[in-house]
Amino acid sequence: MSITDFTLAIEDLTVSFDGFKAVDSLNLYVDKDELRVVIGPNGAGKTTVLDLICGKTKATEGSIKFKNIELTRLSEHQIVHAGVGRKFQTPSIYENLSVYENLEVSYPKGHSVFGSLAFKRTVEVDTRIREIADEIFLGDFLDMEAALLSHGQKQWLEIGMLLIQDPELLMLDEPVAGMSVKEREQTAELLKKICKGRSVLVIEHDMEFVARIAHKVTVLHQGKILAEGDMQTVQNDPKVIEVYLGH
Amino acid sequence: MNFVYERLLGGKNGAIGIAILAALIFIILPVGLDLFRLNLVGKYLTYAFAAVSLVLLWGYGGILSLGQGVFFGLGGYCMAMFLKLEASDPVTTKIQSTPGIPDFMDWNQLTALPWFWEPFNSFTFTVIAVLVVPTIFAFIIGYSMFKRRVGGVYFAIITQAIALILTVLIVGQQGYTGGINGITDLRTLNGWDIRSDSAKYILYFINAFLLIGVIFLGRFILTSKFGRLLLAMRDKEDRVRFSGYDVSNFKIFIFCISAMISAVGGAMFTLQVGFMSPSFVGIVPSIEMVIFAAVGGRMSLIGVVYGTLIVNAGKTAFSESFPEIWLFLMGGLFIAVVMYFPNGIAGLWDKHGKKLIGCIMRMQCVTAVKGMIENKRTGKIGTASK
């Protein structure tokens, strides 16, 4: 496989579940500082692509290169250490822990068993947690049990848990699902801010939101790329209108 | 200082809890009970080790092991092997056809000490073995389960199967293990008679001391980032994994620690009760340990000690008078815990106990104030009548 300048280079990626190809010889390249949005009808393989990148699902064929590191051979935690962060579709936060503890657990130190036993809340850790909490609009909720947050706040918290690891590739699966209009606006601002210095890959259905944040849009359909380009081009593509936007 | 206060004692509430427990097991029980009953309490407290280990593993880690009896038993057997060898010197066993080996081996036509018994002539080796053998065993089980991401009910069933297998193995290999009777007739530890009254007192206190130590160890683990990770894993394992942690390593570690803690309890059991048998290894004792933890409150290191004491005291009391209904009662108790007070005694205490005490305190204040007013009034009346 070739050496590339892209942060993320997916080549000929295929995964089949009992003969059904959820992702079919996919090629996708994401640049540094780029915010890419992947759209497509249900069952197009969007979430599966994220699963493949973060190691949750193993690829049948093809390669995923992140900064020229082959990810398909790494285990989940190694992929995270390489610099890939992933937010799940439904907010995955630790409901029993406070907002502060949620962020602390995600702090990228003390990842080993003994490291975590020896981990201390230093000033550095504390400052970083508060900094991130302010960024995700949860600065005033640090001591609140995460279960009590609103749905939108939970989404932010999970984004914050990724930000604290400062990943070079951030993958967000439907980050504004279940958010109010105001929360969507805030999230759009947040995403614009955080994509500086890293690549962001977003799956989203809300076209208005997509138009607001996307640098480039990829349309997936039946595991294959249907169209790719800026929002304007994609929205006017007859094939896209037929399978996705027309509905 | 701060470390000790925050991390080991667990702040003000934790410190009070430990102080009350320590007062109970170090002062109140030894003063209030005769030696026979105290020895019985000492036996119960050895089960408390297993219950504490289940707080870490099950309460916080969410990993239900129905095989803690395996580790309790392994610890107990290691200690029993040493004591048995000491009790089987050639002089005492001269009537055997092969003097110098444990009596049950002789009955089973063994003519030499098996190789794996040899190192148990050394007390140092035995102490290390008590800690290490169950831990290695737990590591093997944990590694093969957790690396394959076996968890939940499957893990519970497998641990239960292991408990059964080990019991069958011990019973079947009579010549090497003492079979169904276990290893009995243990007398001395490095020449010190463990059956004497003074020894029983000393062993009780060593046991109590170790138990408090184990609670401190549990506190230390739970108040670290590791403890928060345990809770996080119980809640959203995938999130932890995709936050860059190798989840299986954490599970293996806590499983090994819990095995080691249970094993210490097992070794202390052998010392205090004077024998070890497969009936403390199998499924029934393993499940009983889970019940102790559930009744005491599986999220409370201190609560489970009370849970263990109460259930065992109940067991002893009821099985003396109504042996046939005790098992039903215990089953009913377990169902009640699961359905009505899932956080056990510790949960009830947090919810109602503190209020109750506050109430009693206030009541006392009220009566005291009333009394003072009354006194004043009668006093006044008294002076007035003068």
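Here is a short walk through this predicted model, stop by stop.

Before you click: residues count from 1 along each chain as its sequence is written, while chains are lettered from A and ligands numbered from 1 in the order in which they are written. Local features need pLDDT of at least 70 and side-chain atom pairs count only at pLDDT 80 or more, but totals for chains, interfaces and linings use all residues.

**Chain A, whole.** Its C-alpha trace spans about 55 × 40 × 35 Å along the principal axes. The radius of gyration of chain A is 18 Å, which agrees with the value near 18 Å for a compact globule of 247 residues; it is taken over C-alpha atoms, and the globule rule is 2.2 Å times the number of residues to the power 0.38. Of those 247 residues, 45% are buried (20 or more other C-beta atoms within 10 Å of the residue's own; exposed is 12 or fewer, partly exposed in between, with C-beta atoms placed from the backbone). Colour by secondary structure and you get ten helices and ten strands, where helices (H or I, at least four residues) and strands (E, at least two) are DSSP runs numbered from the N terminus.

**The open sheet.** Select strands 2, 1, 4 and 5 of chain A: in that order they form an open antiparallel sheet, with pairing needing at least two DSSP bridges. Its edges are strand 2 (20-30) and strand 5 (69-70), each paired on one side only. Now pick residues 8-17, strand 1 of chain A, which shares seven bridges with strand 2. A:Leu8 has A:Val30 as its bridge partner there.

**Helix 1.** Add residues 46-54 of chain A, and you'll see helix 1 lying across strands 1, 2 and 4, at about 70° to strand 2. Axes are lines fitted to C-alpha atoms, for helices over the stretch in contact, and angles run from 0 to 180 degrees between N-to-C directions.

**Where A touches B.** Show both chains: 24 residues of chain A and 21 of chain B make the contact (C-beta atoms, placed from the backbone, within 7 Å). On the chain A side, helix 2 (76-82), helix 3 (99-106) and helix 4 (113-118) each supply at least two residues.

**Two positive phi angles.** Most residues other than glycine have a negative phi. Zoom to A:Asp166, with phi about 50°, in the loop between helix 6 (151-163) and strand 7 (169-173) of chain A. Then jump to B:Gln109, whose phi is near 60°; B:Gln109 is exposed, with 9 other C-beta atoms within 10 Å.

Conventions: Contact = placed C-beta atoms within 7 Å.
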